[in-house]
Amino acid sequence: MFFGGRPAHSIGAKSIRKYFESYVGVIDSCSLELVDQIVIELTSDCVIAQGYGIFCFSLQGKHFTRSRLRTTLALAKEGAFWKIRQHHFSAIPEAPPLGEPD
């Protein structure tokens, strides 16, 4: 299951592949730099990392975007490799969304 930058969840390998294919012709390349990460070891083979990610997109037509988002990653070690088991990215609000009580 995957919930990306477009509306709705993508469930299953075919659906997730279709999600990423929807960006063909839109995104030329992307980079992600993880910064200010706090890593908490839950077990010797499982960690949680929280901090910020700087996404840089090169879009068709030589347009560029840069976004700094909050990040949460759950990583598990399988054999010699670490794998992302869950992740979340969210925008940093300008102010806490307190609003008026209902």
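1. Burial first: in this predicted model, buried residues account for 16% of the 102 residues in the chain. Keep that figure in mind when you look at the overall outline, which comes next.

2. On the fold, you'll find one helix and four strands, and reading along the sequence gives the pattern α-β-β-β-β. The chain has a radius of gyration of 16 Å, well over the 13 Å that the globule rule gives for 102 residues, so the chain is more spread out than a compact globule. If you'd like a box to picture, the C-alpha atoms fill one of roughly 45 × 45 × 30 Å along the principal axes.

3. A good place to start looking is the hairpin that β1 and β2 form, with two residues between the strands. Strand β2 covers residues 46-59, and its pairing with β1 is antiparallel, over 13 bridges. To find your bearings in the pair, look for Val39, which stands opposite Ala49 in β2.

4. Stay on β1 for a moment, since Ile38 is found in this strand, which runs over residues 27-43. Is Ile38 buried or exposed? Ile38 is exposed, because its relative accessible area is 56%, over the 50% that the term asks for. Ile38 also belongs to a nonpolar patch on the surface, formed with Ile40 and Leu42, and together the three have about 300 Å² of accessible area.

5. Now for the backbone. Most residues other than glycine have a negative phi, but two places here go the other way. Asp36 has a positive phi of about 50° without being a glycine. Asp36 sits in strand β1 and counts as exposed, at 54% relative accessibility. Lys62 isn't a glycine either, and its phi is positive at about 60°. You'll find Lys62 in the loop between β2 and β3, the latter being residues 63-78, and Lys62 is exposed too, with a relative accessible area of 73%.

6. Last, the cysteines. How many disulfides are there? The count comes to zero, taking a disulfide as a pair of cysteine sulfur atoms within 2.5 Å. Cys30 is in no disulfide, and the nearest cysteine sulfur, that of Cys56, is 7.7 Å away. As for accessibility, Cys30 counts as partly exposed at 43%, and Cys46 counts as partly exposed at 25%.

Note on methods. Residues are numbered from 1 along each chain as its sequence is written. This is a predicted model: local features need pLDDT of at least 70, side-chain atom pairs count only at pLDDT 80 or more; totals for chains, interfaces and linings use all residues. Side-chain values use heavy atoms; hydrogens and water are left out. Buried means under 20% relative accessible area, exposed over 50%, partly exposed in between (1.4 Å probe, protein chains only). Patches are made of residues with over 30% relative accessible area and no salt bridge: like charges are joined within 9 Å, nonpolar side chains (Val, Leu, Ile, Met, Phe, Trp, Tyr) within 5 Å. Accessible areas come from the Shrake-Rupley method with a 1.4 Å probe; for residues, only the protein chains shown count as cover. A salt bridge is a side-chain nitrogen of Lys or Arg within 4 Å of a carboxyl oxygen of Asp or Glu. Two strands pair if DSSP finds at least two bridges between them. The radius of gyration is taken over C-alpha atoms; the globule rule is 2.2 Å times the number of residues to the power 0.38.
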